[in-house]
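Me: I have a structure open and would like to go through it slowly. Could you help me read it?

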Amino acid sequence: MHLFFYIYYMKQLIIINGPNLNLLGKREPEIYGKQTFEDYLKTLQNKFSDVKLVYYQSNIEGEIIDKLQEVGFSYDGIILNAAAYTHTSVGIGDAVKAIETPVVEVHISNTFSREEFRHQSYILPNAKGVILGFGLKSYDLAIESFIF
Ligand code: DQA
């Protein structure tokens, strides 16, 4: 008689959203769409039911750094939309460099078709890659980058 050992490992990913992304749905809908993130998250959780998907949002730079440090040595992947802090925060950039978990930078809008100050990223030099400009679908693509 044979014994089969089946070990099922569920990947653990976190989406970290930065400032003003709590206003999705009502904030500049012509750029960011009309859907709230909480609503969209349900779609993501259903679509990627084999993944443990955690969500965190903060408007505060230090809290985002704290969260990166907290999850950055145990999770399988981080999907980070640092929003405006992308373009300004040396601290968040350093945190991404300091941790072990790979980070994929995400933006809803195509930041390169917008103002020049949005072309700079302090995250990207230390990220695995970046997905931008596909609306909320950018998050789907980022999750896929961790599982396929
Ligand atoms: C954003 C782009 C940033 O330039 C902006 O400050 C945001 C959202 C995006 O997802 O398109 O708040 O990160």
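Reply: Let us start with a term: a polar contact is a pair of N or O atoms within 3.5 Å; within protein, one must be able to donate a hydrogen and the other to accept it, and residues adjacent in sequence count only if both atoms are side-chain atoms. This is a predicted model, in which local features need pLDDT of at least 70 and side-chain atom pairs count only at pLDDT 80 or more, while totals for chains, interfaces and linings use all residues. Residues are numbered from 1 along each chain as its sequence is written, and side-chain values use heavy atoms, with hydrogens and water left out.

Me: OK, so how far is the polar backbone atom of Ala 84 from an oxygen atom of the ligand?

Reply: The distance between these two atoms is 3.2 Å. Side chains take part too: a polar atom in the side chain of Asn 81 lies 2.8 Å from a ligand oxygen, and an N or O atom in the side chain of Arg 118 is 2.9 Å from an oxygen atom of the ligand.

Me: And how much of the ligand does the protein bury?

Reply: The ligand taken alone exposes 320 Å², and the protein buries 99% of that, with areas from the Shrake-Rupley method and a 1.4 Å probe (for residues, only the protein chains shown count as cover).

Me: Which residues surround it, the ligand I mean?

Reply: Among them are Tyr 32, Ala 83, His 87, His 107 and Arg 114, where a residue is near a molecule or strand if one of its heavy atoms lies within 4 Å of it.

Me: Is Ala 83 buried or exposed?

Reply: Ala 83 counts as buried because its relative accessibility is 11%, and buried means under 20% relative accessible area, exposed over 50%, partly exposed in between (1.4 Å probe, protein chains only). Ala 83 is found in the loop between β3 (77-81) and α4 (90-98), and its phi is near 50°, a positive value in a residue other than glycine.

Me: New topic: in what order do the five strands of the sheet come?

Reply: The order is β2-β1-β3-β4-β5, in an open sheet with parallel pairing. Strands (E, at least two residues) and helices (H or I, at least four) are DSSP runs, numbered from the N terminus, and two strands pair if DSSP finds at least two bridges between them.

Me: Which strands are at the edges?

Reply: They are β2 (51-57) and β5 (129-132), each of which pairs on one side only.

Me: How many bridges join β4 and β5?

Reply: Four bridges join β5 to β4 (residues 103-107), and His 107 stands opposite Leu 132 in β5.
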